[in-house]
Amino acid sequence: MKKKLLLIETEMQGPGGHYLDNLLESFFFFRNDFTIHAVLNKMFDAKGTFVPDDLNVHKILERNNFEKKENKFLHYVFELWFFLKGILSSIFLIPHFVIQKNFLNYINALISNRFILPRYFSEIYFFLKKNNFTGKDHIFFQTTRNKHMSLANFLVRIEKQIPKIHLRILYTPIERKFGGFYFFLNKIKFFLNNKIYLYVLTKKNFDIFQAKLNSSNGIFLSNIPWVFFKRTNHKSHKTVGYMGDARVNRGFNFLPKIIKELNNLSKDFKFIIQYSKVNKDVKDTSDELLNLAKSNSNVTVYLKYMDYKEFRDTLQKIDIMPILHNADEINLGNPSTIYSSITHQIPMTLPSNLKYMKDVLVHKSYEEADDIDEIIKKIDLIKNNYESYLVSARKNSEILLKLFNEDPLKKNIN
């Protein structure tokens with residue numbers, strides 16, 4: 001009988017952004033070894049986007065549907081309601097844990113959590129019980145927030161048969177004087193590498209957590225899993241791509257010039273540009289791209305959100321991916337475009353002095369370029385010597401696949 005894995009994504013309301021994609025990547029990465037359940041909030045609406053039929057989705061969590069930046073008053077009203085509801089729930093749960101002969105552990109968990117019942121505790125705890133999760137199974141928080149740190153701290157103190165808890169931190173947590181992420185990080189330190197495991201995507205966060213705990217025990221540098229694709233080289237033309245947010249700092253405004261200049265160099269170029277939102281900083285560029293697509297059949301613009309399947313199907317059509325961010329932004333972040341290019345064996349242009357992913361980009365599947373004229377020349381160079389760059393891209397993809405298979409996340413969730 002397969003072990004069970006619970007994927008938790010509490011705040012996601014729809015398919016926009018990377019949250020659903022990351023959850024699906026985890027599903028595909030682990031589905032051969034586990035029976036997988038995904039717990040989401042009640043407001044989640046897939047909106048017709050791709051969700052695998054064999055993924056067990058449970059919409060049981062109640063989230064605050066008012067974002068603070070959009071409606072601060074109602075946001076705090078609902079936060080107050082959740083707080084009061086937590087106090088009442090903590091009292092109502094006392095008979096249950098008395099009957100279960102687990103009252104002392106429950107009180108200990110409450111004390112460690114400042115006598116506050118964590119958000120989502122009741123739903124998650126009774127879901128685990130109903131579905132017969134044991135200490136041999138696993139819980140994976142896809143995107144860890146402060147409330148999830150609190151919940152992990154609470155769950156791990158309740159009983160020994162709680163599954164192992166894995167927390168992935170996507171961003172650098174904010175320092176707070178009272179409570180918050182680092183408060184609970186200190187609380188769970190005695191359970192790290194035993195019942196709780198932390199995963200960070202950047203060396204920066206690894207160093208911060210290590211300094212906070214004065215130890216690296218239970219903290220792991222990890223990657224977000226991706227599906228891999230084997231690329232062939234049978235097309236006479238080469239398609240240059242851009243996928244993701246339309247932002248100035250991602251080089252979006254350079255795209256019209258890149259398209260025009262490359263078209264002047266060769267008629268063997270095609271272009272696929274995908275983005276879903278347009279703000280005022282890129283409005284003129286977006287309009288220009290849409291006009292280019294109308295007048296040039298070699299230019300395709302998808303001004304829409306792409307779900308998991310459509311996004312990866314489109315990646316398979318792209319032969320060259322210019323990465324137009326600057327090196328500093330990439331080194332501090334986690335640009336998924338580089339991941340997707342490596343996993344889909346796409347040669348790239350990259351900014352010089354890039355440190356990010358250089359442990360994977362061992363073979364020359366890319367060219368370095370910083371200004372637009374140089375980027376255009378390097379794209380043309382890759383096109384004219386494509387087989388050589390593709391061979392290297394395949395090798396780099398194999399390196400990343402090996403890293404994924406040896407990733408601490410993969411080893412710890414077993």
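Student: In this predicted model, is Lys257 buried, partly exposed or exposed?

Tutor: Lys257 is found in helix H9, which covers residues 255-265. Its relative accessible area is 39%, and the class in between takes in values that are neither under 20% nor over 50%. Lys257 is therefore partly exposed.

Student: Which residues does Lys257 touch, not counting residues up to four places away in sequence?

Tutor: It helps to begin with one pair, since Lys257 and Ile372 are 115 residues apart in sequence, while their C-alpha atoms are 8.3 Å apart in space. Contact is counted between heavy atoms within 4.5 Å. With residues up to four places away in sequence left out, Lys257 touches Ile372, Asp373 and Ile376.

Student: Is Ser392 buried or exposed?

Tutor: Ser392 has its place in helix H15, residues 386-405, and, leaving aside residues up to four places away in sequence, Ser392 touches His363, Lys364 and Ser365. Its relative accessible area is 12%, and a value under 20% counts as buried. Ser392 is therefore buried.

Student: Which strands stand at the edges of the open sheet?

Tutor: Seven strands form this open sheet, in the order S3-S2-S1-S4-S5-S6-S7, and the pairing is parallel. A strand at an edge has a single partner strand, so one side of it is left without a neighbour in the sheet. The strands that stand at the edges are S3 (56-61) and S7 (219-221).

Student: Which residue in S3 stands opposite His37?

Tutor: In general, the strands of a sheet pair through backbone hydrogen bonds, either parallel or antiparallel. Here strand S2, residues 34-41, is joined to S3 by five bridges, and the two run parallel. The residue in S3 that stands opposite His37 is Asn56.

Student: At about what angle to S7 does helix H8 run?

Tutor: Helix H8, residues 203-213, lies across S5, strand S6 (196-200) and S7. Angles run from 0 to 180 degrees between N-to-C directions. Helix H8 runs to S7 at about 165 degrees.

Student: Is Phe92 buried or exposed?

Tutor: Phe92 has its place in helix H2, residues 72-92, and belongs to a nonpolar patch on the surface, whose members include Leu80, Phe83 and Ile116. Together the residues of this patch have about 740 Å² of accessible area. Because Phe92 has a relative accessible area of 63%, and over 50% counts as exposed, Phe92 is exposed.

Notes
Residues are numbered from 1 along each chain as its sequence is written. This is a predicted model: local features need pLDDT of at least 70, side-chain atom pairs count only at pLDDT 80 or more; totals for chains, interfaces and linings use all residues. Side-chain values use heavy atoms; hydrogens and water are left out. Helices (H or I, at least four residues) and strands (E, at least two) are DSSP runs, numbered from the N terminus. Buried means under 20% relative accessible area, exposed over 50%, partly exposed in between (1.4 Å probe, protein chains only). Two strands pair if DSSP finds at least two bridges between them. Patches are made of residues with over 30% relative accessible area and no salt bridge: like charges are joined within 9 Å, nonpolar side chains (Val, Leu, Ile, Met, Phe, Trp, Tyr) within 5 Å. Accessible areas come from the Shrake-Rupley method with a 1.4 Å probe; for residues, only the protein chains shown count as cover. A salt bridge is a side-chain nitrogen of Lys or Arg within 4 Å of a carboxyl oxygen of Asp or Glu.
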